[in-house]
Amino acid sequence: EYQKDGVVYVDKKKVENTPRQEVNSGKYNRLLVPKGKYTHVILSDGTTMYVNAGTKVVYPTFFSEKEREIFVDGEVFLDVAPNKHAPFIVKTINFDVQVLGTTFNVNAYSDNTEEKEVVLAKGKVKVINKSGNDQFMQPNEKMTISENGNMIKSAVDANEYMLWTKGILSLKDEPLHVISTRLSRYYGVDIKCRDEISSISISGKIDLEHSIDEVLNNLSIIGSFSYFKQNDVYMLTPKIQ
């Protein structure tokens, strides 16, 4: 937790006290969350940020009075502290999100082919692609941003996209290759999915407190596929008839 006066706490214990006047405007922090972990941070303006597994976030120790800006490579859930004088901007490789005070989820991992998306729970945001085109979003809308910058809005239940902050992975007709990528990230293990079964769609909720073996066993029953572990790699294969 970053305080406005420069005091930093980790698990309620003070670890740093850097007066604002001693911090130049170029001081940034880089938070790297490894696979198999997730955490949350309270920024100096009071914004709460949940950071998912395999995510990198770059943010300043103190925000300027006119603008609050962070960079995200991965997935974060943000409850932005309102400040009409200082817009909050989330920058990613593919797009930017600009807000004044709102609650939303950003999923923008640069190292895989998953769709990049923004889901809005409350408030209002503006999504800007790298070509400078922008669209506004309303609560319970999802904006999907393709590699070429196309932006497509759809109606969703935003709460489903926030469940990972509570240790729940929500699936809605997700293809198995996407599920395996997410599970690999969440559990910090290597999972390979055979092409023949990669398009199997599964819906439901996964409790990430369960072991990866429990999760894969349940999924294999629902999706009618097999799996085994070989040299620390989980292999998902067609079910043997």
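## Starting with helix H2

How many of the 12 residues of H2 are buried? In this predicted model, the count is 10 of 12, so H2 is mostly covered, where buried means under 20% relative accessible area. The buried members are Leu176, Val178, Ile179, Ser180, Arg182, Leu183, Ser184, Arg185, Tyr186 and Tyr187.

The length of H2 can be checked too. With 1.5 Å for each residue, a helix of 12 residues should span 16 Å, and the end C-alpha atoms of H2 are indeed 16 Å apart, so the two values agree. Just past the end of H2, Gly188 has a positive phi of about 70°.

## The largest pocket

H2 also takes part in the lining of the largest pocket, where it supplies at least two residues. Strand E10 (103-108), helix H1 (158-162) and strand E16 (168-175) each do likewise. E16 gives the largest share, with seven residues.

This pocket has a volume of about 450 Å³. Its lining is made up of 23 residues, and those nearest the centre are Glu117, Tyr161, Ser170, Glu174 and Arg182. Arg182 will be familiar from the list of buried residues in H2. By type, the lining holds 10 nonpolar, three polar and 10 charged residues.

## The second largest pocket

Next comes a pocket with about 390 Å³ of space. Two or more residues of its lining come from each of strand E1 (7-10), strand E3 (28-33) and strand E4 (39-42). E4 gives the most, with four residues.

In total, 14 residues line the second largest pocket, and Glu1, Tyr9, Val10, Asp11 and His40 lie nearest its centre. The lining divides into seven nonpolar, three polar and four charged residues.

## Nonpolar cores

In soluble globular proteins, nonpolar side chains tend to be buried together. Here, the largest nonpolar core contains 32 residues, and Ile70, Val97, Phe104 and Val127 have the most contacts inside it. Strand E7 (residues 68-79) provides the largest share of this core, four residues. A separate core has 20 residues, including Leu171, Ile197, Tyr234 and Leu236.

Val127 is a good residue to look up in the structure. Setting aside neighbours within four places in sequence, Val127 is in contact with Phe95, Asp96, Val97, Val118, Asn133, Asp134, Gln135, Met137, Met143, Ile145 and Met151. One of these partners, Val97, is also among the residues with the most contacts inside the largest core.

How values were computed: Residues numbered from 1 in each chain as written. Predicted model: local features only at pLDDT ≥ 70, side-chain atom pairs only at ≥ 80, totals over all residues. Heavy atoms only, no water. 1 Å grid on protein atoms, 1.4 Å probe; cavity = no way out; pocket = protein on both sides within 12 Å on 5 of 7 lines; lining within 4 Å. Points joined across faces, edges and corners; volume = space filled by probe spheres on them. Nonpolar A, V, L, I, M, F, W, Y, C, P; charged D, E, K, R; others polar. Core = buried A, V, L, I, M, F, W, Y, C linked by side-chain atoms within 4.5 Å. Buried < 20%, exposed > 50% of the residue type's maximum accessible area, 1.4 Å probe, protein only. Contact = heavy atoms within 4.5 Å. Expected span 1.5 Å × (residues − 1).
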